[in-house]
Amino acid sequence: MTFKIGTCAGHGGFGVTPGKRTPDGEYEWNFNDRVLCAFISKMKEYEGVEVKRYDDPTGKTDVPLKTRTDKANADKVDIYISFHHNANSGKWGNWGGVETHVQTGIKGQALEMAQAVQPILVKTYGLRDRKIKFSDLHITRETKMPAILIEGGFMDSTTDISKLRSDAVLKDVGKGIADAIAKWKGLKKKATPKPTTPIKNTKPTEVKAKSPSIVYEAHVQGIGWQGKVSNGKTAGTTGQSKRLEALTVKLENSDAKIEMEAHVQGLGWTTFRTNGEVVGTIGESLRLEAVKIKAKGLDIQYRVHVEKDGWTPWKKNGEAAGTTGLSKRVEAIQIKLV
Ligand SMILES: [Zn+2]
């Protein structure tokens, strides 16, 4: 017997759903999708599970709620989980927290599922516990199987947004929910084949204290995340006419915090991002045009490769590298500690 899980990421991406975005213009669907993708990949580690998603996995359309629930009912999935993130006023504020919705008047399995999931949301997001809520929502009302709707933190919260912008956090949340569902349902992990050759420990033992280093990764048009590079190496491309769309920067072996802003096509300067948070957009075809990077107590130098112009001079500690108002894409970046 296959255990079938119906899912959806709330809404659609790329502005197809009005509203449903952060005050900086990032779409709710993109956050929802990242959690759902991590959930699906983790669920694959368990035996006899099939996960179906009823939103548009490309984010290009906003599948009507009735279509989602009709399909889930026709497929007779065993449970249903809808992934969302919350919003309050659409302007930045200090509210926040995570909650799980169950249809009013429903107890039994839906409530049990919410009780299995809600503590994991609190733990993995590290946000306030707004508890299980009984509501009247299309998804939880019109599905014929136990269903929950998750609101994983507020998109317009100055406290919650750093979690939503962290790929690592969203991945942990998706995996955590998968493990919680598996535990609740008593699902078994698939047997992992034993490696045929012994795994060698290739890392030499560290003997001395490590010096700080700066690690960064670029999300490039047509390529996606490129892999991390560090200490002055090039992230992005040159000579390929590809725009840099998003960037993460973090410090290793240092307590200092990165403060980074980017100038995004059509959106202007973003708010500050810190260690490992994504700045820029993913899947929205918007170019980065300039960046500013600093960290208290460290000297950071960086330069960007701008369309037609090539490498800019080295900039440091919060100076803008790149252009604004010229519609030129950044194609690559180098960052180093000096
Ligand atoms: Zn939503």
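**Notebook: helix α6, the cores and the two domains**

I began with α6 and noted that Val169, Leu170, Asp172, Val173, Gly174, Gly176, Ile177, Ala178, Ala180, Ile181 and Ala182 are buried in this helix. The model I am reading is a predicted one.

I then looked up what covers the buried residues of α6, and found that the cover includes α1, α3, β6 and α5. For its extent, I recorded 19 residues and a reach of 27 Å from the first C-alpha to the last, close to the 27 Å expected at 1.5 Å a residue. Just after α6, I noted a positive phi of about 65° at Gly186.

Next I turned to the largest nonpolar core, which has 46 residues; Val35, Val117, Ile148 and Ile177 touch the most other members. I listed the elements that each supply at least two residues of this core: β1, α1, β3, β4, α3, β6, α5 and α6. The most comes from α6, which gives eight residues.

I followed Ile148 further. Setting aside neighbours within four places in sequence, I found Ile148 in contact with Ile81, Thr100, His101, Val102, Ala110, Met113, Ala114, Val117 and Thr140. Apart from the core I had been following, I registered another of 30 residues, including Ala235, Leu247, Leu251 and Ala262.

Last, I checked the domains. The assignment gives domain 1 as 3–185 and domain 2 as 213–337. I recorded 30 Å between their C-alpha centres. Twelve residues from domain 1 and twelve residues from domain 2 take part in the contact. On the side of domain 1 that touches domain 2, I noted two nonpolar, six polar and four charged residues.

Note on methods
Residues numbered from 1 in each chain as written. Predicted model: local features only at pLDDT ≥ 70, side-chain atom pairs only at ≥ 80, totals over all residues. Domains from an automatic or database assignment. Contact = placed C-beta atoms within 7 Å. Nonpolar A, V, L, I, M, F, W, Y, C, P; charged D, E, K, R; others polar. Core = buried A, V, L, I, M, F, W, Y, C linked by C-beta atoms within 7 Å. Buried ≥ 20, exposed ≤ 12 C-beta atoms within 10 Å, placed from the backbone. Helix = DSSP H or I, 4+ residues; strand = E, 2+ residues; numbered from the N terminus. Expected span 1.5 Å × (residues − 1).
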